[in-house]
There are 2 protein chains.
Amino acid sequence: MLKYEKIALLIEESIVENNLNHGSRLPNFKELIETYHVSKSTIVKALDLLEKRGIIYQIQGSGVFVRRKKRKGYINFSENQGFTADLGEFDITSKVLELSEVIPPLEVREHLSLDDKESVYYVKRIRYINSQVLCIEESYYNKTIIPYLNVEIAEHSIFDYCKTALKLNISFSDKYIHVIKLNKDESDLLELKEGDPGLLIDELFYLSSGEAFDFSKTIYHYVNSQFFLQSTKIYS
Amino acid sequence: MLKYEKIALLIEESIVENNLNHGSRLPNFKELIETYHVSKSTIVKALDLLEKRGIIYQIQGSGVFVRRKKRKGYINFSENQGFTADLGEFDITSKVLELSEVIPPLEVREHLSLDDKESVYYVKRIRYINSQVLCIEESYYNKTIIPYLNVEIAEHSIFDYCKTALKLNISFSDKYIHVIKLNKDESDLLELKEGDPGLLIDELFYLSSGEAFDFSKTIYHYVNSQFFLQSTKIYS
DNA sequence: GAGTGGTCTAGACCACTGT
DNA sequence: CAGTGGTCTAGACCACTCT
């Protein structure tokens with residue numbers, strides 16, 4: 001683990017331990033430098049990381065302050081490591097409806113940059129959050145990158161398998177978000193009625209190499225899912 | 001404008017000018033340093049900024065590459081500067097339904113950290129995207145921070161007014177996202193039917209001082225709105 | 001004006017990629 | 001192992017806030 005990541009973690013822990021509220025001020029740079037025995041730039045990087053994660057905000061000339069969210073029980077929308085990363089807050093399980101090798105539709109081929117006749121792994125799952133239906137998910141995996149997949153893996157976490165067994169580095173993703181009316185098939189699976197609302201998310205996942213390896217269409221249950229998104233200033 | 005922001009802008013412009021595709025490689029550090037006559041750290045900061053904005057991705061030991069989105073016509077979900085920031089891509093207009101001073105409901109008081117009897121500006125608007133109904137928005141503004149507001153301002157951009165006239169620095173926001181069924185009032189305003197889907201977003205906006213100054217409830221038209229969200233790796 | 005965070009530099013050294 | 005990006009340092013200087 002890098003130095004600035006470690007410092008970030010330690011600072012985050014100190015916030016949790018001391019149970020600091022929104023607006024609480026952290027020690028100044030001089031103190032942080034002395035406490036952690038690192039240079040100023042390392043503190044700067046650590047704090048930038050915490051700011052990116054929405055844990056603090058910095059005010060030039062004033063100080064560094066704790067940022068707190070006001071509501072609990074929301075799925076973090078900017079995470080792209082799958083739900084399993086949401087350590088313990090939610091209990092996510094999956095039921096595999098289908099796992100096969102198929103020639104995907106055009107839309108998927110384009111997103112994954114595949115040839116006409118290249119087949120992919122197709123996985124259709126229902127995912128549950130604390131034993132309630134959360135979403136239905138259809139995923140297409142580039143077989144060049146994911147050469148093997150089975151039901152047992154898909155029942156647990158495919159992303160964990162990619163990371164640990166295949167040593168893949170999932171790095172960034174693009175989400176395309178729509179609200180839709182469910183058709184018969186979809187509503188049956190979600191235990192809802194035809195015409196009920198649903199949140200449709202098309203997501204394209206990239207490895208750190210920049211290659212797209214997974215395209216997923218997910219429809220969320222409109223009652224059992226709610227999302228949280230923190231924005232930080234990007235443009236001045 | 002800061003040096004690294006300027007460099008970021010120049011690099012972005014060079015990507016646009018040369019019409020570089022996804023995966024195209026940028027010049028290496030040495031060349032960038034020479035081209036822009038700055039130190040390595042400044043290049044690092046500029047590239048970090050572009051990565052945060054989803055314009056490039058960096059691979060250690062390999063290079064810096066262009067990141068391109070695959071679809072157009074989606075509203076950027078991680079922007080928190082209002083739509084007006086989406087320079088030209090969309091034409092956003094507003095119709096003011098109500099503008100008054102009220103004692104807000106409990107939920108709003110909590111979010112804005114207000115006293116029992118503190119009044120706020122309440123604004124209800126319909127917003128249009130390219131002349132189609134985009135959303136209905138109910139906003140509550142802390143009067144201590146926004147001491148004056150009128151219909152003319154609300155018809156244009158309240159955020160622009162905050163930034164330019166009041167010199168406020170809007171810095172970050174929290175979004176809480178739900179999918180709902182519309183009730184009669186909501187569907188009438190959105191020109192839809194009762195029971196149709198809607199995307200409800202509660203958003204709390206903060207100044208760079210860390211003070212919450214605006215709480216908004218927005219319901220988006222499920223056909224006329226679609227959103228885009230780029231994720232970047234936050235946790236290793 | 002004192003104190004705080006933010007930028008920028010030059011350079012040493014580390015870590016990863018690709019051949 | 002050459003080449004590329006990433007980390008880390010020490011220190012000068014800048015910009016903002018608060019009182």
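**Note on the salt bridges and symmetry of a predicted model**

1. Counted over all chains, the structure comes to 24 salt bridges. The reader should keep in mind from the start that this is a predicted model. As general background, side chains of opposite charge can pair when their charged atoms come close.

2. A good place to begin is D202(A), which forms a salt bridge with K217(A), the closest N and O atoms being 3.2 Å apart. This pair links distant parts of the chain, since K217(A) sits in strand 9 (residues 212–221) of chain A and D202(A) in strand 8 (residues 197–207) of chain A, 15 residues apart. The two partners have their own accessibility values: K217(A) is partly exposed, with a relative accessible area of 23%, whereas D202(A) is buried, with a relative accessible area of 2%.

3. D202(A) also forms a salt bridge with R71(B), and here the closest N and O atoms are 2.8 Å apart. Because R71(B) lies in the loop between strand 2 (63–66) and strand 3 (75–76) of chain B, while D202(A) lies in strand 8 of chain A, the pair joins two chains. R71(B) is itself buried, with a relative accessible area of 14%.

4. A network of salt bridges links R71(A), E107(B), D202(B) and K217(B).

5. Within chain B, the side chains of E101(B) and K143(B) meet in a salt bridge of 2.7 Å, N to O. E101(B) belongs to strand 4 (residues 92–102) of chain B and K143(B) to the loop between strand 6 (132–142) and helix 5 (151–155) of chain B, so the pair ties together parts that are 42 residues apart in sequence. E101(B) counts as partly exposed at 46% relative accessibility, and K143(B) is partly exposed as well, with a relative accessible area of 25%.

6. How are the two chains related? A rotation of 180° with 0.0 Å of shift along its axis superposes chain B on chain A, with an RMSD of 0.0 Å, and that is the relation of a two-fold axis. In chain B, the C-alpha nearest the axis is that of P197(B), at 2.4 Å from it.

7. On the surface, K45(A), K52(A), K45(B) and K52(B) gather in a patch of positive charge. Helix 3 (40–52) of chain A and helix 3 (40–52) of chain B each supply at least two residues of this positive patch. One of its members, K52(B), lies in helix 3 of chain B and is partly exposed, with a relative accessible area of 40%.

Notes
Residues numbered from 1 in each chain as written. Chains lettered and ligands numbered in written order. Predicted model: local features only at pLDDT ≥ 70, side-chain atom pairs only at ≥ 80, totals over all residues. Heavy atoms only, no water. Patch = residues over 30% accessible without salt bridge, like charges linked within 9 Å, V, L, I, M, F, W, Y side chains within 5 Å. Areas by Shrake-Rupley, 256 points an atom, 1.4 Å probe, with all protein chains shown as cover. Salt bridge = Lys/Arg side-chain N within 4 Å of Asp/Glu carboxyl O. Lys, Arg positive; Asp, Glu negative; His and termini not counted. Charge placed at Lys NZ, Arg CZ, Asp CG, Glu CD. Helix = DSSP H or I, 4+ residues; strand = E, 2+ residues; numbered from the N terminus. Buried < 20%, exposed > 50% of the residue type's maximum accessible area, 1.4 Å probe, protein only. Least-squares fit on C-alpha atoms with pLDDT ≥ 70 in both.
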